[in-house]
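Thanks, everyone. I would like to walk through three positions, one after another, and for each of them look at its surroundings.

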Amino acid sequence: MDATPDYIADFSVFLQASPSSYHAAAEVARLLDAAGFTRLSESEAWTDAATDCYVVRDGAVIAWSQPANAGPTTPFRILGAHTDSPSFKLKPKPTIGSHGWLQAGVEVYGGPLQNSWLDRELELAGRLVTQDGTEHLVRTGPFLRIPQLAVHLDREVNNGLTLDRQRHLTPVFGVGEASEADLLAHLAGLAGLKAADVAGYDILSNDTQPPATFGLGNELFAAGRLDNLSSVYAGLHALIATSDQKSGGSISVLAAFDHEELGSQSRSGASGPLLDDILTRIGHGLGATGSDRLQAYAESWCLSADAGHAVHPNYPERHDPANHPILGGGPLLKINANQRYATDAHGAALWARTCAQAGVDYQEFVSNNTVPCGSTIGPLTATRLGIRVVDVGVPLLSMHSARELCHVNDPQALAAATAAFFAPEV
């Protein structure tokens with residue numbers, strides 16, 4: 001399918017509003033509010049069977065659309081994705097420096113393609129928490145840069161670049177003495193606070209270059225955080241689009257987790273209790289017993305949607321010789337014999353039916369046997385809940401770069417397939 005310009009334009013706005021997982025969760029919430037969804041608090045009782053609702057837990061969001069005739073054993077159709085991306089996270093005592101430079105103390109978050117973050121104007125974004133527990137979102141705009149050593153001072157740099165994560169990846173943000181500057185005070189001021197008011201923070205870096213279409217026919221799309229906000233936005237778009245088309249067949253769920261890039265082991269990650277907590281409470285509102293809930297899970301499906309790899313034209317030997325996904329060829333069906341992806345034969349058949357209904361082409365992805373693949377929230381969800389899972393996603397080049405690359409058609413194709421998944425034809 002050919003993407004409409006509106007989808008990429010709207011997706012670009014979403015990306016620019018989401019420099020951290022906490023901002024992404026807030027932007028998802030804002031768009032759900034505008035679509036008529038109701039925000040629920042986990043600390044309060046849910047007295048009625050909720051229809052179109054959502055919950056935010058830190059940098060994660062669970063949203064669902066429930067048909068009016070849903071019952072205790074109505075199954076779920078879940079789009080699982082994640083809101084975080086590889087980056088650099090601000091350490092305690094963040095204002096450091098040497099030799100007349102002001103620098104920010106940062107720790108590597110996840111597995112960024114480190115050299116791609118050099119010589120870019122970066123911002124800091126995330127949340128500040130005051131002693132009373134109030135959370136304040138903050139972002140600086142262009143503020144930092146990780147400067148690379150000039151070629152004149154390292155004549156062998158083009159023969160191989162090795163970066164020490166402690167010494168070489170410390171960004172600069174000004175000149176002067178660290179004892180006379182206060183990075184935390186600057187962040188607090190942006191939120192209308194004083195540094196002394198801030199009791200804790202989760203602040204990460206983000207590339208500030210805006211998304212762009214380019215190339216022949218403007219068919220290429222470059223931006224930061226395509227892994228995995230391409231899936232979050234596709235799921236959000238599909239959930240809102242199908243919320244008024246629901247029959248009694250299933251309950252549609254968008255599960256956008258945090259901390260996938262760290263292994264998902266947190267209260268807001270896919271290895272934590274978040275999804276099970278929310279599905280249990282939805283079932284409780286429908287009068288479901290424990291047995292009813294397991295019956296619903298047995299007929300449920302999850303699309304684990306996370307970005308995947310297209311064939312790199314300069315490194316074709318790193319890919320499987322027979323399966324060559326390309327940009328613009330449609331979303332991926334991700335397969336791995338060792339269950340690093342959770343797709344099986346029934347899942348492949350479901351994805352084929354779904355894409356046929358949506359009028360979307362898809363491509364199969366499998367790794368070269370000598371190049372171990374990563375994993376996703378798919379196997380975690382299958383293991384924790386026993387729900388059947390299919391691993392899919394948009395094909396990219398430059399995954400985990402500060403700026404990733406996809407085809408303009410593929411993100412909308414994933415959204416269209418997700419809409420068909422949420423509202424399958426009988």
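Let me start with V28, which is buried, with a relative accessible area of 1%, where buried means under 20% relative accessible area, computed with a 1.4 Å probe on protein chains only. This is a predicted model, in which local features need pLDDT of at least 70 and side-chain atom pairs count only at pLDDT 80 or more, while totals for chains, interfaces and linings use all residues. Residues are numbered from 1 along each chain as its sequence is written, and side-chain values use heavy atoms, with hydrogens and water left out.

V28 sits in helix 2, residues 21-34, a helix being a DSSP run of H or I with at least four residues, numbered from the N terminus. Leaving aside neighbours within four places in sequence, V28 is in contact with F14, V61, V232, L236 and L254, contact meaning heavy atoms within 4.5 Å.

The second position is E123, in strand 7, residues 122-130, where a strand is a DSSP run of E with at least two residues. E123 is buried as well, at a relative accessible area of 3%, and its side chain reaches the backbone nitrogen of G141 at 3.2 Å.

Finally, D410 belongs to helix 9, residues 409-422. What does the side chain of D410 reach? The side chain of D410 reaches the backbone nitrogen of G330, at 3.0 Å. D410 is buried yet has no salt bridge, that is, no side-chain nitrogen of Lys or Arg within 4 Å of a carboxyl oxygen of Asp or Glu, and the nearest side chain of opposite charge, K334, is 13 Å away.

Conventions: Buried < 20%, exposed > 50% of the residue type's maximum accessible area, 1.4 Å probe, protein only. Lys, Arg positive; Asp, Glu negative; His and termini not counted. Polar contact = N/O pair within 3.5 Å; in protein donor to acceptor, adjacent residues only side chain to side chain.
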